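Visitor: I'd like a close look at one part of this model, and then a walk outward from there to see how the rest fits around it.

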Amino acid sequence: MSTIYVEPLLHKKEAQIAFRFKYNNEIKEHLRKLNNLSWSQTNKVFYLKNTQNNKVLVYNHLKNTSWKIDYTAFKKNSIVIKETLSKERSNFFNNFKKYLVGKRYSKSTISVYSGFIYDFLVFVKKTELNELTNKHVDLFIEDIIVAKKYSISTHRQLISALKQFTLFFTKTAITDIESKRPKKSKKLPSVLSQEEVIDLIRHTKNLKHRAILALLYSAGMRIGELTNLKLRNIHIDRKQIFIENGKGRKDRYVVLADSFMPMLKNYFTTYKPSTYFVEGSLGKPYSESSIRKFLQRSCKAAGITKHVTPHTLRHSYATHLLENGIGLRHIQELLGHSKPETTMIYTHVTKKDLLDITSPLDIIVNQLSEKNKREQNILLSRNL
């Protein structure tokens, strides 16, 4: 009998409900009937946002199937992600959340950090908080991160959460928390060629979908910036888009491409959005998961086999700017990067300078060719 493992997952800085199972097409098709189900290429799982409504939805959707459903990672026979804290610990946890709010962290950061600390408080429920040591942290990391094979980025987020915990509650014996932070993975971003970008847009038949992809690329926007983009921040006369409260609570302006204008006017005439650039049902922001889904369909139609996400279009935008001679300082401003080091990664993927480098093999072959030509000329100049 096939087993579906229903597990908590931290993905895209949010708590998710993940489904793990040995490949089975019937299970796959059954899960796809769930609204807003997404696929994580990184974790190789289907997932839904972890909300109370979705927990009930999942339970009802799976309870009468012929497969074995394993909720061990939650709580047996009940989709509850959190074990109950004592009243005292619960008050402590609520005060910690207020502390994070006071530090003006974003909602997603507060959700991630508080989720980790809740799990940590459950893990050390038999230990007084002022008796906590580095050993408790090590055991928690082994139990949560290592055992469940979470990514390096998730591990780093956990350390950041624990660091805030030690700043909030200074009476623990936990020290030097930064030393437990693993080094960040140095992966080069996936980038589409300029021809692939055009093919992708051309093979996106739906006008709304085409406008979304064209704007993501032409302005180098993050997906969250696009879904939250309000019409009042699109300045057609100035050919600019105002990104309000972007990542790190930073505002910035980006360029509204001339070549995008006809598509933009056609889109406005056809769809008549009222508040946001692109809207879902009842005038609410469009779903990010919907964008990811139609992007995959467009890639397939365009014959693009690379792993492409909405952020790939942003990487491609930055790389193509650099290849076209735009300076790193300007690219940093357009992308909204706080540190120039973040923008520097695009120097590793740009073709501009790499194309000017000659391979040692070519040098050797050319030298031998020149030598053979000289010897041949000497022979031809002789009187035979």
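**A strand and its surroundings**

Guide: Let's start with strand E8, residues 252–255, which has two faces: Arg 252 and Val 254 sit on the covered one, while Tyr 253 and Val 255 are on the uncovered one. Keep in mind as we go that this is a predicted model. The every-other-residue pattern is what you'd look for, because side chains in a regular strand alternate between the two faces of the sheet.

Now for the partners of E8. E8 belongs to an open, antiparallel sheet of three strands, ordered E6-E7-E8. Strand E6 (234–235) and E8 are the edge strands, and each of them pairs on one side only. For E8, the partner is strand E7 (residues 240–243): the two run antiparallel and are joined by four bridges. Val 254, which we just met on the covered face, stands opposite Ile 241. Ile 241 is a handy residue to click on, as Ile 234 stands opposite Ile 241 as well. E6 and E7 are held by two bridges, again in the antiparallel sense.

From here, we can hop to another part of the chain by way of Arg 249. Arg 249 is a contact of Tyr 105, and if you skip the neighbours of Tyr 105 within four places in sequence, the other contacts are Leu 100, Ile 110, Tyr 113 and Gln 164. Along the chain, Tyr 105 and Arg 249 are 144 residues apart, but their C-alpha atoms are separated by 9.2 Å. You'll find Tyr 105 in the loop between H3 and H4. Is Tyr 105 buried, partly exposed or exposed? Its relative accessibility is 27%, so it counts as partly exposed.

That loop takes us to a pair of helix contacts. On one side, helix H3 (residues 87–102) crosses helix H6 (residues 152–168) at roughly 105°, with the axes coming within 11 Å. That angle is why H3 and H6 are described as roughly perpendicular to each other. In this contact H3 brings Phe 92, Asn 95, Phe 96, Tyr 99 and Leu 100, and these meet Ala 161, Gln 164, Phe 165, Leu 167 and Phe 168 in H6. By class, that gives eight nonpolar residues, two polar and no charged. Two of the names should ring a bell: Leu 100 and Gln 164 are also among the contacts of Tyr 105.

On the other side, helix H4 (residues 107–123) packs against helix H5 (residues 134–146) at about 110°, with the axes 11 Å apart. H4 and H5 are therefore also roughly perpendicular to each other, and H4 passes H5 in a right-handed crossing. From H4, Phe 116, Asp 119, Phe 120 and Phe 123 meet His 136, Val 137, Leu 139, Phe 140 and Asp 143 of H5. That contact has six nonpolar residues, one polar and two charged.

Next, two loop residues with unusual backbone angles. Most residues other than glycine have a negative phi. Asp 176, in the loop between H6 and helix H7 (194–202), goes the other way, with a positive phi of about 50°. Asp 176 is exposed, with a relative accessible area of 54%. Asn 36 also has a positive phi, about 65°, without being a glycine. Asn 36 lies in the loop between helix H1 (25–31) and E3, and counts as exposed because its relative accessibility is 52%.

E3 leads us into the five-stranded sheet, which is open, has mixed pairing and runs in the order E3-E4-E2-E1-E5. Strand E3 (38–40) and strand E5 (68–70) stand at its edges with a single partner strand each, so one side of each has no neighbour in the sheet. From one strand to the next, the twist averages 35°. E3 pairs with strand E4 (residues 45–49) in the antiparallel sense, over three bridges, and Phe 46 in E4 is the bridge partner of Trp 39. Helix H2 (residues 52–62) lies across strand E1 (3–11), strand E2 (14–20), E4 and E5, and runs at about 10° to E2.

One last stop: His 330, in helix H13 (residues 328–335). His 330 is exposed, with a relative accessible area of 56%. His 320 is 10 residues away from His 330 in sequence and 13 Å away in space, C-alpha to C-alpha.

Notes
Residues numbered from 1 in each chain as written. Predicted model: local features only at pLDDT ≥ 70, side-chain atom pairs only at ≥ 80, totals over all residues. Heavy atoms only, no water. Axes fitted to C-alpha atoms, helices over the stretch in contact; angles between N-to-C directions. Parallel < 35°, antiparallel > 145°, perpendicular 65-115°, else oblique. Left-handed = near helix turned anticlockwise from the far one by under 90°. Contact = heavy atoms within 4.5 Å. Nonpolar A, V, L, I, M, F, W, Y, C, P; charged D, E, K, R; others polar. Buried < 20%, exposed > 50% of the residue type's maximum accessible area, 1.4 Å probe, protein only. Pairing = 2+ DSSP bridges.
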